[in-house]
Amino acid sequence: MLIGILIGFILGVALTLVLARRPGGAQPAAESAPEAAADPLTGLATHDRLLVDAQRELEGGNEVTLYLFALDGFKDYNDAYGDACGDALLAWLARKLRDAVGAYGTAYRMRGGSFALLAVGSERFTNALCASAASALSESGDGFQISCDVGSAALPRDTVHPREALELAARGATKAGSERHVKSGRRAPSDAIQALRLVRSRQDVADFATAIARRLDVPESDIPAIANAMHFCDVGNVAVPRAVLGYPGKIAGPEWQFILLHTLVGERLLAGPLAMERVAPLVRHSHERWDGAGYPDGLAGSAIPLGSRIVFVCSAFHDMTSDRPHHAALEPADALAQLERGAGAQFDPNVVEAFRAEFLGEPESDSDSAPFEDEASVEA
């Protein structure tokens, strides 16, 4: 009897291995994998999952409409501001799309800069849901504008094959794009004059920055770069959605990714189309903290270019004394007190001391601050 059990066990294992090697035996696992697939960037279901879901709805006897949204302006955005910023924008749009669709349909991230929607119901209902989705996939900022071209296919009315429905929707989106007379208009600034029109005026605080630089014995030849870095320290905000910049509360969650990237975008623009190579690294490091808890590189202390440390203090003062979406302007004396409280942690204490002396109109003297320690650190 024991021998019979062993023989049965061996035969069962052998049969399992044979079935696993056969094309038909491996098929169920291959079909289930796409269903579980999610796009790692956006968390939305993928192209393969869409085909599986559409087939399931057909087999259930449902009428379903497939909408494809091709983003217009995304390639320009990605080329101008970099892949990391492009990924942040796609994640932001995906979240807006998911919120707009809710439980009334299923949203998908397709290959490249496009999304899809699968909706079950009447034509009137699905068209309304499509309009909501298209609105969610539209976005703008000072240096970009994103819209979308839409194509659709109804199953089983137009076709009973999900892949063919996707092709029909793609052709419809392409046709809509070719027939649209107005394309996305805003682009990244191509020169310094254009960039200055997009950033807030900082002439008064730029004058402060140059005065502080002189108090810290920065070589005169390096001071223009610091002044320009003061003007352009937030030029990377042209890549940030207006909804993020105008958010009335404290920015957190996915929106914070744009803030973390804006100095890198600024560096990219300054080193590229704006042709200000000496200014670019100062802007990159203009949000590094003295204690190393800043961004983008987590530099600390004297490893941060001195010019960037000066810009950080002056920029913080400018922001605190200006009305912003999340706070009213502080009185200058209160803002100075905030700088002094942050000295040694957020800010270079020598720069804060020089700022205080300049703010109070104290005469310059050799004892105002520590001597300038590294000429190269201004330009970095």
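In which sense do strand β2 and β3 pair, and over how many bridges? In this predicted model, strand β2, spanning residues 106-109, runs antiparallel to β3, and the pairing extends over four bridges. A good place to see the match is R109, which stands opposite F115 in β3. The two strands form a hairpin with four residues between them, and within this hairpin G112 adopts a positive phi near 80°.

Strand β3 also has a second partner to follow. Strand β1, residues 64-72, pairs with β3 in the antiparallel sense as well, here over seven bridges. Along this pairing, L68 is found opposite A116 in β3. Strand β3 itself covers residues 114-120 and is mostly shielded, with six of its seven residues buried.

Attention now turns to a pair of helices. Two packed helices are described by the angle between their axes and the distance between the axes. For helix α10 (residues 223-232) and helix α14 (residues 306-320), the axes come within 10 Å and cross at roughly 40°. Because of this angle, α10 is oblique to α14. The crossing of the two helices is right-handed.

Which residues of α10 meet α14? On the α10 side these are I226, A229 and M230, and they meet G307, I310, V311, C314 and S315 in α14. The residues of this contact between α10 and α14 comprise six nonpolar and two polar ones, with no charged residue among them.

Conventions: Residues numbered from 1 in each chain as written. Predicted model: local features only at pLDDT ≥ 70, side-chain atom pairs only at ≥ 80, totals over all residues. Heavy atoms only, no water. Buried < 20%, exposed > 50% of the residue type's maximum accessible area, 1.4 Å probe, protein only. Pairing = 2+ DSSP bridges. Axes fitted to C-alpha atoms, helices over the stretch in contact; angles between N-to-C directions. Parallel < 35°, antiparallel > 145°, perpendicular 65-115°, else oblique. Left-handed = near helix turned anticlockwise from the far one by under 90°. Contact = heavy atoms within 4.5 Å. Nonpolar A, V, L, I, M, F, W, Y, C, P; charged D, E, K, R; others polar.
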